[in-house]
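Thank you all for coming; I would like to take a few minutes to walk through one model, with the structure up on the screen. Please keep it in view while I talk.

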There are 2 protein chains.
Amino acid sequence: MNKLNKLLHQELRLAIVSYLAGVEWVNFNKLLDITEATKGNLSVQIKKLEAAGYLEIKKSFKDNYPLTQCKITDDGRNALDEYVKDLKQLLNMK
Amino acid sequence: MNKLNKLLHQELRLAIVSYLAGVEWVNFNKLLDITEATKGNLSVQIKKLEAAGYLEIKKSFKDNYPLTQCKITDDGRNALDEYVKDLKQLLNMK
DNA sequence: TAAACTAGTTTATGAAATAAACCAAATTAT
DNA sequence: ATAATTTGGTTTATTTCATAAACTAGTTTA
């Protein structure tokens with residue numbers, strides 16, 4: 001039994017990372033939109049993912065407003081692949 | 001975004017249900033063995049799954065010792081199928 | 001210039017996962 | 001015979017975590 005990656009085995013974080021795996025830099029509001037999370041929750045979870053080195057967070061200003069963008073890292077991508085592999089095994093899927 | 005089934009989106013419970021999906025009645029010790037959980041944790045989690053109607057628990061005695069057996073229900077099987085479907089979608093898998 | 005909105009962050013709380021402690025009965029050792 | 005150990009669990013206590021609510025800081029609009 002390989003234990004599942006606990007950081008990724010959580011719906012919101014998994015949704016974030018899965019989404020980011022397929023795209024480039026994405027801003028906070030886009031993530032809010034696709035995950036349907038609250039802002040507080042999203043803020044907390046991307047910070048955790050950043051702390052783990054699974055994504056980069058870039059802060060700037062766009063049209064006078066703060067802009068927070070996220071991008072998955074290689075580590076994040078690898079962790080996601082590993083997680084999916086472990087999960088399939090747990091589920092007895094090929 | 002279909003939310004994932006919270007009861008199933010937990011490693012131990014998912015391991016239990018996934019395993020039971022492929023077999024008949026299984027006793028407590030076998031589940032302990034395949035999940036590598038502690039007895040307390042296993043006891044708690046099968047009870048939750050039973051409360052949700054995802055599995056049946058049958059208590060008896062075998063060779064003078066208490067024997068607890070579990071079996072997945074149709075509801076449990078359906079919930080697992082649904083969970084896997086939702087998960088695949090979340091992961092952008094076909 | 002006050003109200004409402006943008007784009008977040010911080011904190012408080014309730015729920016849940018887990019391990020540790022416990023229990024009753026059976027078995028084995030002394 | 002009885003003390004110690006093992007079996008097969010359950011209950012309880014603790015810690016962690018997910019989440020919502022409250023807050024911050026600034027911008028735009030009426």
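Let me start with a contact on DNA strand D, where an N or O atom in the side chain of B:K6 is 3.5 Å from a phosphate oxygen; a polar contact here is a pair of N or O atoms within 3.5 Å, and within protein one must be able to donate a hydrogen and the other to accept it, with residues adjacent in sequence counting only if both atoms are side-chain atoms. Before I go on, a word on conventions: this is a predicted model, in which local features need pLDDT of at least 70 and side-chain atom pairs count only at pLDDT 80 or more, while totals for chains, interfaces and linings use all residues. Residues are numbered from 1 along each chain as its sequence is written, chains are lettered from A and ligands numbered from 1 in the order in which they are written, and side-chain values use heavy atoms, with hydrogens and water left out.

Staying with strand D, the side chain of A:R13 has an N or O atom 2.7 Å from a phosphate oxygen, and a polar side-chain atom of B:K59 lies 2.4 Å from a phosphate oxygen. The elements giving two or more residues to this surface are α3 (39–51) of chain A and, from chain B, α2 (28–35), α3 (39–51) and β3 (65–72), where helices (H or I, at least four residues) and strands (E, at least two) are DSSP runs numbered from the N terminus. There are 24 residues around DNA strand D, and A:R13, B:S43, B:K47, B:K59 and B:T68 come nearest; a residue is near a strand if one of its heavy atoms lies within 4 Å of it. Which parts of the DNA face the protein here? Of the atoms of strand D within 4 Å of the protein, 70% belong to sugar or phosphate, and the rest belong to bases.

Turning to DNA strand C, 23 residues surround it, and the closest are A:S43, A:K47, A:K59, A:T68 and B:R13. Sugar and phosphate account for 72% of the atoms of strand C that come within 4 Å of the protein. In the side chain of A:S43 an N or O atom is 2.3 Å from a phosphate oxygen of strand C, whereas for A:K39 a side-chain N or O atom is 2.8 Å from a base nitrogen of that strand.

Now to the fold of chain B, where an open sheet of three strands has the order β1-β3-β2 with antiparallel pairing; two strands pair if DSSP finds at least two bridges between them. The edge strands, each pairing on one side only, are β1 (26–27) and β2 (55–62) of chain B. β2(B) and β3(B) pair over eight bridges in the antiparallel sense, and B:E56 stands opposite B:K71 in β3(B). These two strands, β2(B) and β3(B), form a hairpin with two residues between them, and B:D63 in the turn has a positive phi of about 50°.

Finally, how are the two chains related? A rotation of 180° with 0.0 Å of shift along its axis superposes chain B on chain A, with an RMSD of 0.0 Å, by least squares on the C-alpha atoms of residues with pLDDT of at least 70 in both. That is the relation of a two-fold axis. Among the residues of chain B, B:H9 comes closest to the rotation axis, at 4.0 Å for its C-alpha.
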